[in-house]
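Let's look at a structure and ask how its labels are earned. Have the sequence and the coordinates open as you read.

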Amino acid sequence: MMVKVEGLLDAEEVSRLRELLDAGEWVDGNETSGHQSRLAKRNQQLKQGSQVARQAGNFVLDALGKAEEFIAAALPLKVFPPLFNRYEGGEAFGSHVDNSIRALPGQDFRLRSDLSATLFLEPPENYTGGELIVEDLFGEHSVKLAAGDMVLYPASSVHRVEPVTKGARTACFFWLQSMVRDNSAREQLYRLDRSIRTLTQRSGGEDEVVVELTSLYHNLMRRWADA
Ligand code: NI
């Protein structure tokens, strides 16, 4: 399942974050690569562990904590501290898969990457190329979103970033471990949750079917989730 989270950051938050990022130190993007992806990756990355990186990462984490749609879709258990990358002058990231286990160097923090996320931080009309292409059994899905919008996609999928031939693409990316490991189970829960929310709005919350479906949702969570 791929999910678009619209307006994770509003225009004012995007410009505050960009101000912070643009003043930071950018290094070769291969700092965080696994063996296979190192061969495919050409981009720049905000220096991991720098003060700006920590500040910018916390800024995004704060927004995630308030984003109802993100929480409903991802059911996050652990979120990797957000990273930031930039592509320009023909830079690209060829087809690859993300590492299954992510650790923070020198810290007691590890997660299984169930979902990958890209938060777009540059208006799409400002650069050419730079589409995130995610492959699944239906084919290829091309994603290029407004600044402040985010896409969630299975970390298990083969994906790439097309060359940026004009302008620059700045984005935030991270991985997360979900409380629900199985992609399909998580998708069913998300669809049930959306239906319950729609039904609640329609009935003003007075409908006993809403109570029954909510009970079902939580019972499935008890069955499938690790907390
Ligand atoms: Ni990747």
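What follows is a short round of questions on a predicted model.

Q: Why is histidine 96 called buried?
A: Buried means under 20% relative accessible area, and histidine 96 has 5%, so it counts as buried.

Q: What makes histidine 159 buried or exposed?
A: Its relative accessible area is 3%. The limit for buried is under 20%, so histidine 159 is buried.

Q: What makes His96, Asp98 and His159 donors of the nickel ion?
A: A donor has to be an N, O or S atom within 2.8 Å of this metal. His96 (NE2), Asp98 (OD) and His159 (NE2) lie 2.1 to 2.2 Å from the nickel ion, so they qualify. Along the chain their spacing reads H-x1-D-x60-H. Histidine 96 sits in strand β7 and histidine 159 in strand β15, 63 residues apart.

Q: Why is there no salt bridge for aspartate 149?
A: The nearest side chain of opposite charge, lysine 4, is 4.4 Å away. A salt bridge has to be within 4 Å, so this pair misses out.

Q: How do you know that lysine 4 is in contact with aspartate 149, then?
A: Contact goes by heavy atoms within 4.5 Å, and Lys4 is on aspartate 149's contact list, along with Gly7 and Phe120, among others.

Q: What makes the link from aspartate 149 to glycine 7 a polar contact?
A: The aspartate 149 side chain reaches the backbone nitrogen of glycine 7 at 2.7 Å. The cut-off is 3.5 Å, so the pair counts.

Definitions and conventions: Residues are numbered from 1 along each chain as its sequence is written. This is a predicted model: local features need pLDDT of at least 70, side-chain atom pairs count only at pLDDT 80 or more; totals for chains, interfaces and linings use all residues. Side-chain values use heavy atoms; hydrogens and water are left out. Buried means under 20% relative accessible area, exposed over 50%, partly exposed in between (1.4 Å probe, protein chains only). Lys and Arg count as positive and Asp and Glu as negative; His and the chain ends are not counted. A polar contact is a pair of N or O atoms within 3.5 Å; within protein, one must be able to donate a hydrogen and the other to accept it, and residues adjacent in sequence count only if both atoms are side-chain atoms. Donors are N, O and S atoms within 2.8 Å of the metal (3.2 Å for Na, K and Ca); water is not among the atoms, so sites may look incomplete. Helices (H or I, at least four residues) and strands (E, at least two) are DSSP runs, numbered from the N terminus. Lists of a residue's contacts leave out its neighbours within four places in sequence.
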